[in-house]
Amino acid sequence: MTQSTQNKVDSKQDLINYLVRLGDDSIVLGHRVSEWVSNGPFLEEDIALGNVALDYIGRARLFYGHAATLSEDGKTEDDFAFLRDEREFENYLINELPRGDFAYTIVRQLLVDLYNKHHLQALKSSTDETLVAIAEKASKETSYHCRRSTSWALRLGDGTQESKRRMQLAVDDIWGYSHELFEVDALEQRLIDAGIAVDCEQLKQQWLADVEEVFEEAGLTIPEATWAVRGGRKGYHTEHLGHLLTQMQFVHRSFPGATW
Amino acid sequence: MTTTQMQLIPTKSSLQYEREQFRNESNVPHLWALLDEVTDPEIPVLSLWDIGILKDISQQDQSVTVVITPTYSGCPAMDVIREDITAALTKYGIAQVNVELELTPAWTTDWMTNKGREQLRGYGIAPPVDTVDRVLTQDTQVQCPHCGSHATRLVSEFASTACKALFQCNDCSEPFDLFKHI
């Protein structure tokens, strides 16, 4: 194999790995949000959560599907979703945290939805056409998600003493997981240089400005504590992902190849 | 003609016009007509053409390729739609049917035909209304598909399916879905 063919193969594998991590982010969060279905605080909100979960799971299918097409080894989106173990998942940790109470779910959604707003916008400039198409599609949905999580954050942060307490508790718990959203590893750097991947470091200031604007109106504060948890992109996870996967993958692993 | 009917004279958007032109120029008009019988499984009054997700049909000998686009990324109806298209064409005698999913340009409700909009209303779903930046607010004017009143309010931006929002009519009190403008 010549050097240039080898480079081509490597960069294709890089793209596949990148697509799979984007799929991982979406499916893990989508599954988490889907846990609210039939447990929502009231019917309309139950439906809204189900819709948001579906958008994320649909997005995961698009990323995984693109990866499967590129890999040309007979893999399907299902192989990525259901037949990999914890250490092979490379989602950001914030997505796998338990759903917590409703305030916890809303704070996580707010941080991730606002992140996606900028992330998808940047992804629209990728040199990979399919990634651009996915970003165009998904950003329409994300504008709905952002409005929903923002309006809930305002209502609960600026609501009763109890709702405010719970929202601030959630912010204090989750904030340390937000830092890795803006870190770039070697794989992503190579793809950034190739014009394919998003340079997440560049998104931090815009994201922070958005979050600060909502927090100020909602009466929430960014914690002073400077701890940060990272490792998702390396496959090091919290104890929560394994439990999530046992539920999400159970049927597929129990009845391999089942169709209906 | 009454005044109400006059106000309903449809204006066609340029996007709708382009779609129609594209369809009219096709060399397989009978296949387009055939697929007019295939409807959205979740809104059975709307054909794939009228909802705007049917993009292209082409035939090479006994093989037909149909291009569709999803409404929302997670739309669970896509798999059923794919099967329905295949079934309709197979029944017609086409040996090989390929259904391709095209993501770009992303689907927009602007592709929905005027006929489709009226069918939606008749079915009890308010058709998409033009919104500034495609944002629904409490001020968005939506007509109740049941009693025709404009005194309605937004209950939730999310409803029974991803493509709809939930409204309630202040006059007849009936809740109803609005097909979101995206």
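Let's start at a turn in chain B: strands β8(B) and β9(B) form a hairpin with 5 residues between them, and S173(B), which sits in that turn, has a positive phi of about 70 degrees. Keep in mind that you are looking at a predicted model. For the complex, the predictor reports an ipTM of 0.70 and a pTM of 0.85. For chain B, the mean pLDDT is 88, with 94% of the residues reaching 70 or more.

Now follow the two arms of that hairpin. Strand β8 of chain B covers residues 164-169, strand β9 of chain B covers residues 175-179, and the two pair in the antiparallel sense over 5 bridges. What does pairing involve, in general? Strands of a sheet pair through backbone hydrogen bonds, either parallel or antiparallel. You can find the partners yourself: F167(B) stands opposite F176(B) in β9(B), and Q168(B) stands opposite P175(B) in β9(B).

Strand β8(B) has another partner too, since β7(B) pairs with β8(B) in the antiparallel sense over 4 bridges. Look for S156(B), whose bridge partner in β8(B) is L166(B). Is β8(B) mostly covered or mostly uncovered? It's mostly covered, with 5 of its 6 residues buried.

Step back a little and you'll see the whole sheet these strands belong to. It's an open sheet of 4 strands in the order β6-β9-β8-β7 (chain B), and its pairing is mixed. At the edges are β6 (125-126) and β7 (152-156) of chain B, each of which pairs on one side only.

Chain B has another open sheet for you to trace, this one with 3 strands in the order β3-β4-β5 (chain B) and, again, mixed pairing. Why is one side of β3 (54-60) and of β5 (96-101) of chain B left without a neighbour in the sheet? Both strands stand at the edges and have a single partner strand each, so there is nothing in the sheet to fill that other side. As you go from one strand to the next, the twist averages 15 degrees.

Within this sheet, strand β4 (residues 63-68) of chain B runs parallel to β5(B), and 6 bridges join them. To get your bearings, find S63(B), which stands opposite Q96(B) in β5(B). A helix joins the picture here: α5 (residues 78-92) of chain B packs on the sheet and touches β4 and β5 of chain B. The direction of α5 makes about 155 degrees with that of β5(B).

There's one more hairpin to visit in chain B, and it joins β1(B) to β2(B) through 2 residues. Strand β1 (residues 39-40) and strand β2 (residues 43-47) of chain B run antiparallel and are joined by 2 bridges. Here D40(B) stands opposite I43(B) in β2(B).

Now turn to chain A. How many helices and strands does it have? Chain A has 9 helices and 0 strands. The radius of gyration of chain A is 18 Å, close to the 18 Å that the globule rule gives for 260 residues, so chain A is as compact as a globular protein of that length. Along the principal axes, its C-alpha atoms fill a box of roughly 65 × 45 × 30 Å.

What about the inside and outside of chain A? Of its 260 residues, 53% count as buried. The chain exposes about 12100 Å², and carbon and sulfur atoms supply 53% of that area. Finally, take the contacts in chain A between residues at least 6 apart in sequence: 81% of them join residues at least 24 apart.

Conventions
Residues numbered from 1 in each chain as written. Chains lettered and ligands numbered in written order. Predicted model: local features only at pLDDT ≥ 70, side-chain atom pairs only at ≥ 80, totals over all residues. Heavy atoms only, no water. Pairing = 2+ DSSP bridges. Axes fitted to C-alpha atoms, helices over the stretch in contact; angles between N-to-C directions. Contact = heavy atoms within 4.5 Å. Rg over C-alpha atoms; globule rule 2.2 N^0.38 Å. Buried < 20%, exposed > 50% of the residue type's maximum accessible area, 1.4 Å probe, protein only. Areas by Shrake-Rupley, 256 points an atom, 1.4 Å probe, with all protein chains shown as cover. pLDDT = per-residue confidence, 0-100.
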